[in-house]
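Subject: Structure handover and notes

Dear colleague,

I am passing on to you the structure shown below, together with some notes on what was found in it. Please keep the view open while you read, since the notes move from one part to the next.

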Amino acid sequence: MPDIPVSDVDLFADDARVDPYPIYRTLRDLGPVVEMRRHGHYALSRYADVRAALMDWKTFSSAKSVFVDPTMNAQLEGITLCSDPPDHTMMRSVLGRPLRPDRMREITPTIEEEADRIVSALVEKGRFDAATELAEHLPLAVVSKLVGLGEGHRQKMLEWAAAIWDVQGPANDRFHAAMPQVEEFLGFAQHEAVPGNIDPDGWAAHLYQAADRGEMPREKCPVMMLDYVTPSLDTTILGITATIALFAAHPDQWAMLRADRSLIPHAINEALRVETSVPQFTRVLTEDHEIDGVALPAGSRVALLYGSANRDERKYPDPDRFDITRKPSDHLAFGRGEHVCVGMHLARLEMSTLLGRLADRVERFEVVDSAPLLNNGLRGLARLEVTVS
């Protein structure tokens, strides 16, 4: 058996959060499996290996949690993200009901109306922050209302979601700074976001209604709110922001999309491939397992590097190039298999609607200023100041 290469790189350091792609290429070149000595786990960085792991939940288990810090992993065992079938299937079937394609058709007019309103207002201004003024609008104006935690908690949801993503990483400074917000959210979910205090027609109330029907244990309801708060906000916001940044850097691609709106779904896939908002999750091996001839023992924690897999030159020719005619519907930004993103239809609806409205009104984006997001579980831009013409 070949020796497993070792890396001392910290994928959670500031420079790696800003630009991980040279590091990813180095890891892919080192071998199919790399020991990440700093954080005590292994990593898969190549597309084929990451995809195969995502499709094999029995071997690559989520039941011991999917984060990095051992203490946090122990605390989160049993939530939807950190479970395997049959428990995962039970929770996901309840969670996914408001997010099915047929339910997306019901909310499409609302999404379109809000997209029209915000795009018209921002284009009239001529200069705006695409991250906060554009990308945050639909998740906060529409999605937070659908979750139904109450008007006063909309901005809090953003803060809570960012903090929850921060504790996905190792116990670094960002992790410790986020803990009070995470504890605040968990306390809110446990004691305040309960029937009588929340919108009876909202997604959060729907969890309790399912529990009352005996479809799931009632004690799961508070932590399952994590699944509506975290994926429905930051990932979509970062995806929209990254898409605008890519089109600003590639005006030829924007001109192509404006001329052919059928390219919008492919443009979304390509943007998510090139700039993956959630760079990794971990899994734990349930048995001894070989990956491309490399043996790992049962109990090994393995990071699946989605951000690297989506730029693997073994899978995508010239992978760093943004090309909306590529049609990479097999990208891994939404995951794959049992844990494929439950909110991906909503994310696509929001992104496609905004792109369509922008294509009606904007000939070109110019970036004036930008700032990276520094977060342990997410990657993207916290600020993207643009002018439009």
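A place to begin is Tyr42, whose bridge partner in β9 is Val302. Please bear in mind throughout that this is a predicted model. The bridge just named belongs to the pairing of β3 with strand β9 (residues 301-305), which is parallel and extends over three bridges. On the other strand that pairs with β3, Glu35 stands opposite Tyr42, and here strand β2 (residues 34-36) and β3 run antiparallel, joined by three bridges. The hairpin that β2 and β3 make has four residues between the strands, and in it Gly40 takes a positive phi near 70°.

As general background, the side chains of a regular strand alternate between the two faces of the sheet. In strand β3 (residues 41-44), His41 and Ala43 point one way while Tyr42 and Leu44 point the other way, and all of them are buried.

These strands are part of an open sheet of six, in the order β1-β2-β3-β9-β6-β4, with mixed pairing. Its edge strands are β1 (6-7) and β4 (60-61), each of which pairs on one side only. For β4 the partner is strand β6 (residues 280-285), to which two bridges join it in an antiparallel run, and Phe60 stands opposite Leu285 in β6.

Phe60 comes up again in the cavities. A search of the whole structure finds two cavities of 30 Å³ or more, and the second largest of them has a volume of about 40 Å³. Its lining consists of Ala53, Leu54, Trp57, Phe60, Arg283, Glu338 and His339, which divide into four nonpolar, one polar and two charged residues.

The open pockets are a separate matter. The second largest pocket has a volume of about 280 Å³, and 16 residues line it, of which Glu136, Leu158, Ala162, Asp234 and Leu373 lie nearest its centre. The elements that give two or more residues to this lining are α7 (130-135), α9 (154-166), α14 (234-249) and β11 (381-388), with α9 supplying the largest share, five residues. By type, the lining of this pocket divides into nine nonpolar, three polar and four charged residues.

I would also draw your attention to the aromatic rings, for which the count comes to 11 aromatic pairs. One of these is formed by Tyr47 and Tyr316, an edge-to-face pair with 5.8 Å centre to centre and 80° between the planes. This pair links distant parts of the chain, since Tyr47 is in helix α3 (residues 47-54) and Tyr316 is in the loop between α17 (306-309) and α18 (344-361), 269 residues apart.

Are the two partners buried or exposed? Tyr47 has a relative accessible area of 6% and is therefore buried, and Tyr316, at 4% relative accessibility, also counts as buried; the cut-off for buried is under 20%.

Tyr316 has charged neighbours as well: Arg273 lies over the face of its ring at 5.0 Å from the ring centre, and Lys315 lies over the face of Tyr316 at 5.7 Å from the ring centre. Elsewhere among the aromatic residues, Phe67, Trp165, Phe281 and Tyr306 form one cluster.

With kind regards

Conventions
Residues numbered from 1 in each chain as written. Heavy atoms only, no water. 1 Å grid on protein atoms, 1.4 Å probe; cavity = no way out; pocket = protein on both sides within 12 Å on 5 of 7 lines; lining within 4 Å. Points joined across faces, edges and corners; volume = space filled by probe spheres on them. Nonpolar A, V, L, I, M, F, W, Y, C, P; charged D, E, K, R; others polar. Phe/Tyr/Trp six-rings, centres within 6.5 Å; stacked < 30°, edge-to-face > 60°. Buried < 20%, exposed > 50% of the residue type's maximum accessible area, 1.4 Å probe, protein only. Lys NZ or Arg CZ within 6 Å of the ring centre and 35° of its normal. Pairing = 2+ DSSP bridges.
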